[in-house]
Amino acid sequence: MPLVVLVGAQWGDEGKGKLVDHFAGEADVVVRFQGGNNAGHTLVVDDEQVIVHLIPSGILHRGKLCLIGNGVVIDPQVLCEEIANLRARHYFDDDSRLVISTRAHLIMPYHRRLDQASENRKGDQKIGTTGRGIGPAYSDKMARTGLRFHHLLDEQRLPDRIRSLVAEKSTYLQQVWGESPLNAEEVILEFLGYARCLAPYAGEVSRVLDEQLGQGKRVLFEGAQGTMLDIDHGTYPFVTSSNTVAGAACTGAGVGPRQIDKVIGITKAYTTRVGGGPFPTELQDEIGASLRERGKEFGATTGRPRRCGWLDAFALNYARRVNGLTEIMITKLDVLTGLGPIRICVGYQCQGRILEDYPPDLETLEACEPVWEELPGWPESLRASRSFGSLPRPAQAYVRRIEQLVKVPVAAISIGPEREETVVIRHPFE
Ligand code: IMP
């Protein structure tokens, strides 16, 4: 099982970082393939909290090779700060452990400004983006007007390239959004500095992966965001601007689909969402507030409170299909302890009709009511459990019911924030 892809099966923030970190010890290579610093993985190592936005979580394990694929959009300022921070805390002492694709696109200061300006004008139609410039950077990539990492390294031509792009974007910022222009010379100076910081990590990620797989190395792909935020398969337009499903691992790092052995979907034991958009199982009552408080549901990137609700097995089953999930891992099962009876959404009902497919349009989604099933809860703490059999019976029954509804086995269950607070049923590379 040398190549395993791990993706979010909900609206992001499923706790992928903790599981990638838990299993990174078993991998030789960890790869990011989409998204940018809109993602944020909160990891707890020896009681110390570490948040990474761009560098794969594998960096916290000595000796692991970390790759950032062409599908990622890189804000060089954030990446340079992240490298400096990890170095200062002695997690990253060897430059050869990080390779960044020279084909990856850069997030420019005008992308951030455009992202924020467009959101500010949307009123109650706000997507609730992270304001990091993700959408405008991917738009430029598709419009074929983006700057890529190899352009940053071409220091001779870089100033002219930046001058021409800044002029165009400044006109747009001024004339469309009534914003102030950017100063191209300042951007050039800033970016020449980033070129120096990032040059040691430039590489051909696809070739590195090919070599590593050829040597029988074990590779873990870590997805960012989640399936329901996918630009094609998510709750459009309340989505992010990249494909977050497992197929993006191929295009975002340069490997073929036949190389993938397993696709693992990560889901919380309940559901959360940040930003706007439909959320059929949302709880706007004291149970929702209690989930937010117990689960510490505040965004790792923006600190925003997350919207909380019961588990949506209908959406999860859709995620199983569009990713080709071979198994799932459940996080934060401990948060449900002591809540009383637990609900699962097993389908959506719309105007008296049970839906067969996840609706593509907001109008149907907003008119949907979840079809609920209720299961008994449990009062006992889970945090000392290290095997499935040692979990309280109702917790076991809850997990078994999820397996039936999603139609794939559960491979691991996280029962606390610490690395070791994880019940592993099947290891990813087994
Ligand atoms: P963007 O990715 O910043 O453009 O934001 C688009 C939508 O995706 C917003 O609703 C964000 O809150 C959401 N989003 C982006 N990244 C994450 C993430 O890592 N976790 C959860 N939601 C995210």
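The ligand is surrounded by 16 residues (each with a heavy atom within 4 Å of the ligand), the closest being Asp13, Asn38, Thr130, Thr240 and Arg304. The structure is a predicted model, in which local features require pLDDT of at least 70 and side-chain atom pairs count only at pLDDT 80 or more, whereas totals for chains, interfaces and linings use all residues. Residues are numbered from 1 along each chain as its sequence is written, and side-chain values use heavy atoms, with hydrogens and water left out.

Three of the closest residues place polar side-chain atoms at short listed distances from ligand oxygen atoms. For Thr240, a side-chain N or O atom is 2.6 Å from an oxygen atom of the ligand. The corresponding distance for Asn38 is 2.9 Å, and a polar side-chain atom of Arg304 lies 3.0 Å from a ligand oxygen atom.

Helix H8, a DSSP run (H or I, at least four residues) numbered from the N terminus, spans residues 205-214, and its buried residues (under 20% relative accessible area, 1.4 Å probe, protein chains only) are Val205, Val208, Leu209, Gln212 and Leu213. These residues lie on the same side of H8 because they cover an arc of only 130° around the axis, taken from the directions from the helix axis to the C-beta atoms. An α-helix has 3.6 residues a turn, so residues three or four places apart point the same way. On the other side of H8, Asp210 and Gly214 are exposed (over 50%). Gly216, which follows H8, has a positive phi near 75°.

Methods
Helices (H or I, at least four residues) and strands (E, at least two) are DSSP runs, numbered from the N terminus. A polar contact is a pair of N or O atoms within 3.5 Å; within protein, one must be able to donate a hydrogen and the other to accept it, and residues adjacent in sequence count only if both atoms are side-chain atoms.
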